[in-house]
Amino acid sequence: EEAVREVVRGLPRGAVATYGEVAAEAGYPGAARAVGSLLRRSTGLPWWRVVAAGGRLAPGDAEEQARRLKTEGVSFTAAGKVAPSALGGKR
């Protein structure tokens with residue numbers, strides 16, 4: 001869990017990574033769902049910088065997540081997903 005927290009803490013303002021990218025960088029490829037679970041129960045992490053594959057926002061928190069990402073300059077598609085150009089974590 002600490003490895004995942006470190007990866008998420010390391011995402012700079014305006015950077016967006018997928019749950020899968022965070023899991024892989026933390027050394028747990030294939031554990032994207034576990035990353036999502038950890039972020040749901042953790043406080044103090046910039047959870048809004050982590051999205052589902054294809055730029056989909058977190059169910060139940062999509063409006064707040066989009067608001068926070070937009071204030072950081074992240075662009076979105078017409079369908080409300082994070083633009084592909086914004087994905088990748090820019091670490």
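Biologist: How many positive and negative side chains does the protein have, and how far apart do the centres of the two sets lie?

Modeller: Happy to start there, with the reminder that this is a predicted model. The protein carries 14 positive side chains and 9 negative ones. The centres of these two sets are separated by 4 Å.

Biologist: How many salt bridges does that give?

Modeller: Side chains of opposite charge can pair when their charged atoms come close. The cut-off here is a side-chain nitrogen of Lys or Arg within 4 Å of a carboxyl oxygen of Asp or Glu. By this rule, the salt bridges come to 7.

Biologist: Let's take glutamate 1. Which residue forms a salt bridge with glutamate 1 at 2.4 Å?

Modeller: Glutamate 1 sits in the segment before helix 1. Leaving aside neighbours within four places in sequence, glutamate 1 is in contact with Leu38 and Arg41. The salt bridge, with the closest N and O atoms 2.4 Å apart, is to arginine 41.

Biologist: How many residues apart in sequence are the parts that this pair, glutamate 1 and arginine 41, ties together?

Modeller: The salt bridge joins glutamate 1 to arginine 41. Glutamate 1 lies before helix 1 (2-9) and arginine 41 belongs to helix 3 (residues 32-41), so the pair ties together parts whose separation in sequence is 40 residues.

Biologist: Are glutamate 1 and arginine 41 buried or exposed?

Modeller: A residue counts as exposed when its relative accessible area is over 50%. For glutamate 1 and also for arginine 41, the class is exposed.

Biologist: Which residues are linked with Glu1 in a network of salt bridges?

Modeller: One partner lies in helix 1, namely arginine 5. Leaving aside neighbours within four places in sequence, arginine 5 is in contact with Leu38, Ser42 and Leu45. The residues linked with Glu1 in the network are Arg5 and Arg41.

Biologist: On to helix 4, then. Which residue forms a salt bridge with arginine 67?

Modeller: The partner is found in helix 4 (residues 62-71), 3 residues from arginine 67, and the two are separated by about one helical turn. The closest N and O atoms of the pair are 2.7 Å apart, and the partner is glutamate 64.

Biologist: Which other arginine forms a salt bridge with glutamate 64, with the closest N and O atoms 2.6 Å apart?

Modeller: The pair again lies in helix 4, with the two residues 4 places apart, about one turn of the helix. At 2.6 Å between the closest N and O atoms, the partner of glutamate 64 is arginine 68.

Biologist: What is the relative accessible area of arginine 67, and what of glutamate 64 and arginine 68?

Modeller: Partly exposed means a relative accessible area between 20% and 50%. Arginine 68 falls in that class at 26%, and glutamate 64 does as well at 28%. Arginine 67 is also partly exposed, and its value is 46%.

Biologist: Is glutamine 65 buried or exposed?

Modeller: Glutamine 65 is found in helix 4. Not counting residues up to four places away in sequence, glutamine 65 touches Trp47, Trp48, Val50, Val51, Leu57 and Ala58. Its relative accessibility is 0%, so glutamine 65 counts as buried.

Biologist: And alanine 78, what is its relative accessible area?

Modeller: Alanine 78 lies in the segment after helix 4. From alanine 78 to tyrosine 19 the distance is 22 Å, C-alpha to C-alpha, with their places 59 residues apart in sequence. Alanine 78 is exposed, with a relative accessible area of 92%.

Biologist: Stepping back, in what order do the elements of the protein run from the N terminus?

Modeller: The protein has 4 helices and 2 strands. From the N terminus on, the order is α-β-α-α-β-α.

Biologist: What radius of gyration does the protein have?

Modeller: The C-alpha trace spans about 35 × 25 × 20 Å along its principal axes. With 91 residues, a compact globule would have a radius of gyration near 12 Å, and the protein agrees, with 12 Å.

Biologist: Last one: what share of the residues in the protein is buried?

Modeller: Among contacts with a separation of 6 or more, 56% come from residues 24 or more positions apart. The protein exposes about 5,000 Å², with carbon and sulfur atoms supplying 51% of it. Of the 91 residues, the buried share is 41%.

Key:
Residues numbered from 1 in each chain as written. Predicted model: local features only at pLDDT ≥ 70, side-chain atom pairs only at ≥ 80, totals over all residues. Heavy atoms only, no water. Rg over C-alpha atoms; globule rule 2.2 N^0.38 Å. Buried < 20%, exposed > 50% of the residue type's maximum accessible area, 1.4 Å probe, protein only. Contact = heavy atoms within 4.5 Å. Areas by Shrake-Rupley, 256 points an atom, 1.4 Å probe, with all protein chains shown as cover. Lys, Arg positive; Asp, Glu negative; His and termini not counted. Charge placed at Lys NZ, Arg CZ, Asp CG, Glu CD.
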